[in-house]
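Please walk through the packing of this protein, from its nonpolar cores to its aromatic rings, one helix and the largest pocket.

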Amino acid sequence: MFKTKNLTLILIGIMLFSLLLTVVGITLPISRKSDKIEEAGSQSMLSGNAIAIAMGHYSATSLRLLQEYPSESTAYRSLCGLLERMREHYGFQDVYTVTRNNMGYFYVLDSQYVQSRTEGYHPIGSEFSFDLYGNQVKQLIDDIYDGNSTGGFVPKAIQSEDGTFIVSAAPIMDGDKVLTVLCMDISLNDIQFHKLWFINFNYVSWICGILFVLSAGALYYLHYHNHQKKKKTKGIVDISVQEEENRFSALPIPPGNGSRLQPLPFFLLPSTTPLSFA
């Protein structure tokens, strides 16, 4: 009994410890992901704002002409080259500008142009679709154009064929007017949210989850085994008691010791006539 009680306590301890590590292994990467996205978005805005200010100061006229008369001119190639160098220097997935007008949202510049027009290249004047980027990116661009925001990033990660990324945006100003919006896709593929130093929390959560299930199963088996053992012991005792009762009930009743009263001898019967001493 003592060993069984100790084993039960050990199994409960293992269950609680493995459950705690499983929860930590699941929640910690989520927390780290949020922190890393915040860090990546903030860093991209520092460089993005600087480039947007410089382009607004030095290239506003060229950008205005490209929006009015879209063409792959020398100015277009030069500005796309600037975005390409920015993309390579800061390690962004893509850098481009988006313009909003009465017809919708359109690409103007794209850093992918220098890379021999790769599959990710969007020609000048092509439509910018929010099917991939989602409503939050659209809301950010609208807020910039409407004067409700000076730029920022969308913390929600976006999944694509190239991996996971977030989007940050900064306005390129022409005086007090928003000329276009500089957008940056920041890849999250190289950020390992589930690792801290040498610890892989994906493995921790899997291993501890399995350990929790095994210890819970062992505890259930131990409880079931003890219950069956007690039930079996109780059954044996009940059978023994029943056998004893049956054995005693089968014994013969001795004469004169039955339930019927035997008549008293005549000399012990009380006398009905008074005694005479004459």
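**Cores, rings and a pocket**

In this predicted model, Tyr113 makes a convenient starting point: its relative accessible area is 15%, which falls under the 20% cut-off, and Tyr113 is therefore buried. Tyr121 is also buried, with a relative accessible area of 9%. By the distance rule for ring centres, the model holds 11 aromatic pairs. In the pair formed by Tyr113 and Tyr121, the ring centres lie 5.4 Å apart and the planes meet at 55°, so the pair counts as tilted. Elsewhere, ring pairs join Tyr96, Tyr105, Tyr107, Phe128, Phe130, Tyr133 and Phe165 into a cluster.

Both Tyr113 and Tyr121 are among the contacts of Tyr76, which, when neighbours within four places in sequence are set aside, also touches Leu66, Ser71, Val108, Leu109, His122, Pro123 and Ile124. Tyr76 in turn belongs to the largest nonpolar core, a set of 29 residues in which Met55, Tyr76, Leu109 and Leu182 have the most contacts. The elements that supply two or more residues to this core are the helices α1 (2-58), α2 (60-68) and α3 (74-90), together with the strands β2, β4 and β5, and α1 gives the largest share, 6 residues. A second core, separate from this one, has 20 residues, among them Phe130, Tyr133, Ile144 and Val167. In soluble globular proteins, nonpolar side chains tend to be buried together.

Ile144 leads to helix α5, which spans residues 135-145 and in which Val137, Leu140, Ile141, Asp142, Ile144 and Tyr145 are buried. An α-helix has 3.6 residues a turn, so residues three or four places apart point the same way. The buried residues of α5 pack against the helix α4 (130-133) and against five strands, namely β1 (94-101), β2 (104-110), β3 (152-160), β4 (163-174) and β5 (177-187). After α5 comes Gly147, which has a positive phi, near 80°.

What remains is the open space in the model. The largest pocket encloses about 390 Å³, and of the 17 residues that line this pocket, Gly120, His122, Leu132, Tyr133 and Asp162 are the closest to its centre. Sorted by class, the lining comprises 5 nonpolar, 6 polar and 6 charged residues. Two of these central lining residues recur from the earlier description, since His122 is in the list of contacts of Tyr76 and Tyr133 is included in the second core as well as in the ring cluster.

Definitions and conventions
Residues are numbered from 1 along each chain as its sequence is written. This is a predicted model: local features need pLDDT of at least 70, side-chain atom pairs count only at pLDDT 80 or more; totals for chains, interfaces and linings use all residues. Side-chain values use heavy atoms; hydrogens and water are left out. Buried means under 20% relative accessible area, exposed over 50%, partly exposed in between (1.4 Å probe, protein chains only). Helices (H or I, at least four residues) and strands (E, at least two) are DSSP runs, numbered from the N terminus. Contact means heavy atoms within 4.5 Å. Rings of Phe, Tyr and Trp (its six-membered ring) pair if their centres lie within 6.5 Å; planes under 30 degrees apart count as stacked, over 60 as edge-to-face and the rest as tilted. On a 1 Å grid over the protein atoms alone, a cavity is a set of points where a 1.4 Å probe fits but cannot get out, and a pocket is an open set with protein on both sides within 12 Å along at least five of seven lines; lining residues have an atom within 4 Å of a point. Grid points are joined across faces, edges and corners, and a volume is the space filled by probe spheres set on the points. Ala, Val, Leu, Ile, Met, Phe, Trp, Tyr, Cys and Pro count as nonpolar, Asp, Glu, Lys and Arg as charged, and the others, Gly among them, as polar. A nonpolar core is a set of buried Ala, Val, Leu, Ile, Met, Phe, Trp, Tyr and Cys residues joined through side-chain atoms within 4.5 Å.
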